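Open your viewer and get ready to click along. We will go from the ligand outwards, one selection at a time.

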Amino acid sequence: YHMKVNACDVINVLICGKSHHHPRYLEFRFSPREIPYGETVCFVVKMYEDLNLINAFRIKKDLLVRFLLLVQKAYRDPPYHNWTHAFSTAHFSYLCIKNFDLLEKNYLTDLEALALITSCLCHDIDHRGTTNSFQIQSNSLLASLYSSEGSVMEHHHLSQTLCILNTTDCNFIESLEQSDYVKCLDLIRDLILATDLATHFDLLPKQQEMAERGIDLESDKDKSLFLSLLMTASDLSDQTKECGVVRSVAELIYTEFFTQGDMEKNMGRKPMEMMDREKASIADSQVDFLEHVCVPVFTVLANLFPGASVLLETMEANTEYWEVSKQVFGKYALEGKTSLEVLT
Ligand SMILES: Cc1nc2ccc(C(=O)NCC(C)C)cc2n2c(-c3cc(OC(C)(C)C)ccc3Cl)nnc12
Ligand SMILES: [Mg+2]
Ligand SMILES: [Zn+2]
């Protein structure tokens, strides 16, 4: 099923001397989208090493590299839901582990950190740049496979991840104790499925309640809620960067949304306003998205870790950026420019 990974690709990553100690690499302000595509897998290996996961689980580096190269290849190249998004998602989880001392302070076990980073890298594998509802409306193959389960795309991302782990010489977690191995796969399943917006809206009130009373690190339920929070915060982490990154990411995601809207129109269907290039107001829907999806997630995170409040401040600033740009969009709209053209 999978494209092969050849030995020289593996060797190139293993010998890459790139010091991952990019001076700003450990700052929340740093956007991992700046890292060249060809160096990202090397940076991922450095993350596993830096979190001591290679030693803790006696991971064979060549298996890890082969796994990572196959995951990278398993991503298609839609504007937003590609490997670069997966890499930036993993980088944010890495930043949280480092900056909030999650391992030293026993918020996370080694196994949970291993599952979290790996889930971030795999959570959108083989994404086509279209939503779950589009799969169902277009009667896609994935919908026929998974619509009874719900979370159509997320079940597909999970099954692709398991396929890659079952590919020769790619099962880098094979060295785990049997109980750790099973626990790791259970965590990867929960975390990838947590990235469905519907699942997220179910979990959010429980995460808010947990943050108010403080995490009980002995409670499996709390640990699971905490891990899912880190997963969704990482999936949204572009929104914690400066407005230049936020604007370019919006351009990518609306290119995807508008392409889906065009396809829905060609299917004789009426797209959501947010996906209709004639009707969408990017600034309005980004303010909504920040207010109703992003800010609640990072408010919970800031309740748990005061160091995360700077991320909330950045989000407030980015909301202000969209509010101000509404005037600009408004003016251009009068001139008949679509909102995407205004962005570029
Ligand atoms: C820049 C940016 N704008 C977005 C604008 C709208 C929406 C959207 O789905 N609106 C539907 C209504 C019903 C709310 C998502 C957007 N979005 C995401 C995103 C976040 C997700 O949410 C969790 C699971 C929490 C990570 C899941 C999937 C995606 Cl694509 N990532 N970046 C963006
Ligand atoms: Mg996803
Ligand atoms: Zn994602």
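The stops below cover the ligand, its shell and the pocket around it.

Before you start, keep in mind that this is a predicted model.

**Stop 1: the ligand.** Select ligand 1 and show the residues around it. You should find 14 of them, and the closest include Thr195, Leu197, Asp235, Gln286 and Phe289. On its own, ligand 1 has 680 Å² of accessible area, and the protein covers 79% of that.

**Stop 2: a polar neighbour.** Now pick glutamine 286 and display its side chain. Which atom of ligand 1 lies 3.1 Å from a polar side-chain atom of glutamine 286? It is a nitrogen atom.

**Stop 3: the shell by element.** Colour helix H11 (197-213), helix H13 (243-266) and helix H14 (282-304), the elements that each give two or more residues to the shell around ligand 1. H14 supplies the largest share of this shell, with 3 residues. Next, colour the shell by residue type: 8 residues are nonpolar, 5 are polar and 1 is charged.

**Stop 4: the pocket.** Switch on a surface and look at where the ligand is. Ligand 1 sits in the largest pocket, whose volume is about 1,100 Å³. A total of 40 residues line this pocket, and those closest to its centre are His81, Leu197, Ile253, Phe257 and Phe289.

**Stop 5: the walls.** Add helix H7 (132-137), helix H9 (152-165) and helix H12 (220-235) to your selection; together with H11, H13 and H14, these are the elements that give two or more residues to the pocket lining. Which helix gives the largest share of the lining of the largest pocket? That is H13, with 8 residues. Colour the lining by type to finish: 16 residues are nonpolar, 16 polar and 8 charged.

Notes. Residues are numbered from 1 along each chain as its sequence is written. Chains are lettered from A and ligands numbered from 1 in the order in which they are written. This is a predicted model: local features need pLDDT of at least 70, side-chain atom pairs count only at pLDDT 80 or more; totals for chains, interfaces and linings use all residues. Side-chain values use heavy atoms; hydrogens and water are left out. A residue is near a molecule or strand if one of its heavy atoms lies within 4 Å of it. A polar contact is a pair of N or O atoms within 3.5 Å; within protein, one must be able to donate a hydrogen and the other to accept it, and residues adjacent in sequence count only if both atoms are side-chain atoms. Accessible areas come from the Shrake-Rupley method with a 1.4 Å probe; for residues, only the protein chains shown count as cover. On a 1 Å grid over the protein atoms alone, a cavity is a set of points where a 1.4 Å probe fits but cannot get out, and a pocket is an open set with protein on both sides within 12 Å along at least five of seven lines; lining residues have an atom within 4 Å of a point. A molecule sits in a cavity or pocket if more than half of its atoms lie within 2 Å of its grid points. Helices (H or I, at least four residues) and strands (E, at least two) are DSSP runs, numbered from the N terminus. Ala, Val, Leu, Ile, Met, Phe, Trp, Tyr, Cys and Pro count as nonpolar, Asp, Glu, Lys and Arg as charged, and the others, Gly among them, as polar. Grid points are joined across faces, edges and corners, and a volume is the space filled by probe spheres set on the points.
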